Amino acid sequence: MIKRILGILLGVSMVIILATGCSSTSTPATSTSEEKTTIKIGTSSVSKDLAESGKKALEAKGYKVEIIVFNDYVLPNDALAEGKLDANLYQHEAYMNNYNSSHNTKIIMLQPKLYNYYSGLYSVKANSIESLPNGGAVGIAQDASNINIQLKQLQEAGIITLSDKPAAGNLYTVADITKNPHGYTFVTADHTKYKNMGDYTIVVGTSNTMAEAGVDTTKNLLKKFVNTNLALGMSVMEKNKDAKWVKDIMSAYTSKESIANVPASSGFEYAGK
């Protein structure tokens, strides 16, 4: 009887060992990130053309690609951090770093950066800065940060002169204009100014928002300003940076085919030019 009981226990032990061995060898040797077949890329409505540009080239590598458009600048990063997206293409690095700092996340921007947007001085009343008429309105941004930037651009173009430093705080305001030889008035206006350019002598516009408003950013442009530090790039979670599918994304989106899919009228220019 004892021998029979020992035999049964030995048999049970062997079954447990074999079952454990089978379980351990069934785990895939490679990370699931390396075996990804569907890639979800988030973007904003302004940057939709950029996200769509590389879709075909990435699908040619065997992936199913979903482009998800957000009407908000925070949600694409939220979705990426939560794992609902694999990547996003809509932001510049300064914005991404600020998001990481505020949310304790580890989103990185892949290199190279992909597209620059630009701002510019536009007018339907002149074909050069030198031929601008006196008087009338200059349409500028509504928020303090962009007003500061646009006033500096107007000074760079020789249209106004600003004080040596802002009178209050770190940002220039219209009150800091010391010379206005053309006698312009400065009007803060929303995106409607792009479609009503006849109401202004000059409109200071940002290419991506102008394109979103349906205005061709290549027309009526007197002077262009490009800040390469604000180039948009493809972003992923840091833990995925070395995954094969991440390398495939960048290969697709930097291909000649993909770059050609972004028209000049979109308000973006390839950063590799």
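Where is asparagine 220 placed, in terms of the elements on either side? Select it and you'll land in the loop between α7 (207–212) and β11 (221–226). Keep in mind as you go that this is a predicted model.

**Stop 1: asparagine 220.** Check the backbone here: phi is positive, about 60°, although asparagine 220 is not a glycine. Most residues other than glycine have a negative phi. As for the side of the protein you're looking at, asparagine 220 counts as partly exposed, with 39% relative accessibility.

**Stop 2: asparagine 104.** Now jump to another asparagine with a positive phi, this one about 55°, and again not a glycine. Asparagine 104 is in the loop between α5 (93–103) and β4. Turn on a surface and you'll find asparagine 104 exposed, at 74% relative accessible area.

**Stop 3: the 111–112 peptide bond.** Follow the chain to proline 112, which sits in the loop between β4 (107–109) and β5 (115–122). Select glutamine 111 along with proline 112 and look at the bond joining them: that peptide bond is cis, with omega near 0°. Most peptide bonds are trans.

**Stop 4: helix α8.** Next, select residues 244–253, which make up α8. Is this helix mostly covered or mostly uncovered? Mostly covered: seven of its ten residues are buried. To colour them, pick Trp245, Val246, Asp248, Ile249, Met250, Ala252 and Tyr253.

**Stop 5: aspartate 248.** Stay in α8, where aspartate 248 lies, and show its side chain as sticks. Aspartate 248 counts as buried because its relative accessibility is 11%, under the 20% cut-off. Which residues does aspartate 248 touch, leaving out those up to four places away in sequence? Show Leu58, Lys61 and Tyr63 to see them.

**Stop 6: the nonpolar cores.** Leu58 leads on to the largest nonpolar core, a set of 29 residues. Leu58 is one of the residues with the most contacts inside that core, and the others to highlight are Ile41, Leu114, Met234, Ile249, Tyr253 and Phe268. You've already coloured Ile249 and Tyr253 as buried residues of α8. That helix gives this core its largest share, six residues.

For the last selection, try Ile129, Ala141, Ile159 and Leu162. They are among the members of a second core, separate from the one you just left, with 22 residues.

Definitions and conventions
Residues are numbered from 1 along each chain as its sequence is written. This is a predicted model: local features need pLDDT of at least 70, side-chain atom pairs count only at pLDDT 80 or more; totals for chains, interfaces and linings use all residues. Side-chain values use heavy atoms; hydrogens and water are left out. Buried means under 20% relative accessible area, exposed over 50%, partly exposed in between (1.4 Å probe, protein chains only). Helices (H or I, at least four residues) and strands (E, at least two) are DSSP runs, numbered from the N terminus. A nonpolar core is a set of buried Ala, Val, Leu, Ile, Met, Phe, Trp, Tyr and Cys residues joined through side-chain atoms within 4.5 Å. Contact means heavy atoms within 4.5 Å.
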